[in-house]
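Subject: The structure I promised you

Hi,

Here is the structure we talked about, with the sequence alongside. Have a look first, and then read on for what I found.

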Amino acid sequence: MTAAAQADLVVLVNGFPRLSETFVLQELLELERRGLRVHVIALRRPAEVVQQDALAELRATVEYLPEAPMPNQRLRVRLAHAALFLQRRLGYVNGLAEALASPAFTRSVAARSTLLAHRIARLGSPPLYVHFAHKPATLGRFAAMLAGVPYALSAHAKDIWLTPPEELARKVRDAEVVLTCTEEGRARLTELAGGRTPVRLVYHGVELATHASPPETGERPRVLAVGRFVEKKGHATLLGAAALLRDRDLDFTLRLAGEGPEWPRLQRLAHELDLGDRVVFLGPLTETEIREEYERADVFALPCRKLENGDQDGLPNVILEAMAHGLPVASTRLGGIGEAIVDGESGLLVDQDDVTGFADCLRRLLADPKLRETIGAEGRRRITERFERSANLPRVVEALAQAGIIDPAHAAAGQASLKAVA
């Protein structure tokens, strides 16, 4: 006998909440606005001090999947296997056999996916929506097999490029639908899908700022960078460019917002380059504080790079946020960034690791207020046309409804409300 439904959809994520993954929270809130009962299961609880303001609006229960194997979890795993077998018998055995045949099915993965499958069954066996194609999709795919539920997959950046192709293909082909946030990602996933699974491009989208306040006159020009301090963000290139600008006697302040493992190295580099009071490390900021930084900045800079292991960003939301605030953006020709920035029109782009070229971009923007205004306005227009959150979130709901992951009535209700507003 199946348990009474307690959720319409289970959403599986790697960590929750995460300040750098605002798009996950916004999707959850959109699903709840459509009337869905959402249950969130995260693989871990991030140790972050700052959280999104909108988190207070989330009604969904959030729980954390236990680590396994652990002595106190072994009995739970055995009982979960027994319950799943009694509920579905042949379906469970077939799912277990298929999971066991996978190279990714380790002892730890087996235990955690079984606990996840049992939790899904106790929630009434609703469909599963998995964010990220690496570890969450590994556990989510096996859990869906054991629980006998369909799943959808949302793949983003490094999870596409660092997951072995054979493994990623299995995850994509077993899903009912795959969503991704860049054209480059869609092309890759479509190739792996082999015609068996629809792959939908849905940009994360950002909120269009209600106004783009010009910085106060008389202040030293501000270059702003927002993002985790990890190697692929290219902060070292940015600091090198700042040193070149200093040597050219340009007046500016570089403000770095974020935290991460590269923080100590970047502080040492700033010291070695003798940047002194030209660089300010702001640490992690709240959404309100970041908005204030956008409004007071003159230029936004993020010279992203692709690492030797293939890790790279897709389309960083902070670039879209800066454009939404009317800021001219300097970045690199990489991944999905070119989908938002048309070089010379809605931003300036150089090749990755080109310190001199990036310094030249910043110099052009800092020295020419009219150029900043023109590029900032074009960037803001581009956000309005393609990347506004209110236009992209309904596409997530529609994709899930078309694949049978959620009741189409929820998508239809949303379309009706949008027409009413229009």
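In which helix is T138 found? T138 belongs to helix α5, which covers residues 135-147. Before I go further, please keep in mind that this is a predicted model.

Back to T138: its relative accessibility is 9%, so it counts as buried, the cut-off being under 20%. Setting aside the neighbours within four places in sequence, T138 is in contact with A104, V109, E167 and K171.

**One sheet**

Now for the sheets. One of them is open and has 7 strands, in the order β3-β2-β1-β4-β5-β6-β7, with parallel pairing. At its edges stand β3 (61-64) and β7 (199-201); each has a single partner strand, so one side of each has no neighbour in the sheet. On average, neighbouring strands here are turned by 20° against each other, direction ignored.

If you want a place to zoom in, try β1 (residues 9-15) and β4 (residues 128-131): these two run parallel and are joined by 3 bridges. Within that pair, L12 stands opposite V130 in β4. Helix α4 (residues 107-122) packs on this sheet, where it touches β1, β2 (38-44), β3 and β4. The direction of α4 makes about 165° with that of β2.

**Another sheet**

There is also an open sheet of 6 strands, again with parallel pairing. Reading across, the order is β10-β9-β8-β11-β12-β13. The edge strands are β10 (279-283) and β13 (348-350), and each pairs on one side only. Neighbouring strands of this sheet are turned by 25° against each other on average, direction ignored.

How many bridges join β8 to β9? The count is 5, between residues 222-226 of β8 and residues 253-257 of β9, and the two strands run parallel. Two facing pairs are easy to pick out: R222 stands opposite T253 in β9, and V223 stands opposite L254 in β9.

Helix α9 (residues 235-247) packs on this sheet, touching β8, β9, β10 and β11 (299-301). Its direction makes about 165° with that of β9. Helix α14 (residues 355-367) lies across β8, β11, β12 (329-332) and β13, and runs at about 165° to β13.

Is β9 covered on both faces or open on one? Both faces are covered. T253, R255 and A257 are buried on one side, and L254 and L256 are buried on the other. That fits a general pattern: in a regular strand, side chains alternate between the two faces of the sheet. Counted along the strand, 5 of the 5 residues of β9 are buried.

**Two loop residues**

Next, a pair of residues to look at side by side. S346 lies in the loop between α13 (337-340) and β13, while N309 is found in the loop between β11 and α12 (317-324).

Buried or exposed: which is S346? With a relative accessible area of 1%, S346 is buried, because that value falls under 20%. The side chain of S346 has a polar atom 3.3 Å from the backbone oxygen of A340, and a polar atom of that side chain lies 2.8 Å from the backbone nitrogen of V342. Apart from its neighbours within four places in sequence, S346 is in contact with M323, A340, I341, I375, E378, G379 and R382.

N309, on the other hand, has a relative accessibility of 51% and counts as exposed, because the cut-off is over 50%. A polar atom of the N309 side chain lies 2.9 Å from the backbone nitrogen of D311. For a sense of distance, the C-alpha atoms of N309 and P394 are separated by 34 Å, with the two residues 85 apart along the chain.

**Cavities**

Last, the empty space inside. The count comes to 3 cavities of 30 Å³ or more, and the largest has a volume of about 70 Å³. What lines the largest cavity? Its lining is made up of E27, S154, H156, L179, T180, C181, V202, Y203, H204, L393 and V396. The elements that give two or more residues to that lining are β6 (178-180) and α16 (389-402).

Happy to go through any of this with you.

Cheers

Methods
Residues numbered from 1 in each chain as written. Predicted model: local features only at pLDDT ≥ 70, side-chain atom pairs only at ≥ 80, totals over all residues. Heavy atoms only, no water. Pairing = 2+ DSSP bridges. Helix = DSSP H or I, 4+ residues; strand = E, 2+ residues; numbered from the N terminus. Axes fitted to C-alpha atoms, helices over the stretch in contact; angles between N-to-C directions. Contact = heavy atoms within 4.5 Å. Buried < 20%, exposed > 50% of the residue type's maximum accessible area, 1.4 Å probe, protein only. Polar contact = N/O pair within 3.5 Å; in protein donor to acceptor, adjacent residues only side chain to side chain. 1 Å grid on protein atoms, 1.4 Å probe; cavity = no way out; pocket = protein on both sides within 12 Å on 5 of 7 lines; lining within 4 Å. Points joined across faces, edges and corners; volume = space filled by probe spheres on them.
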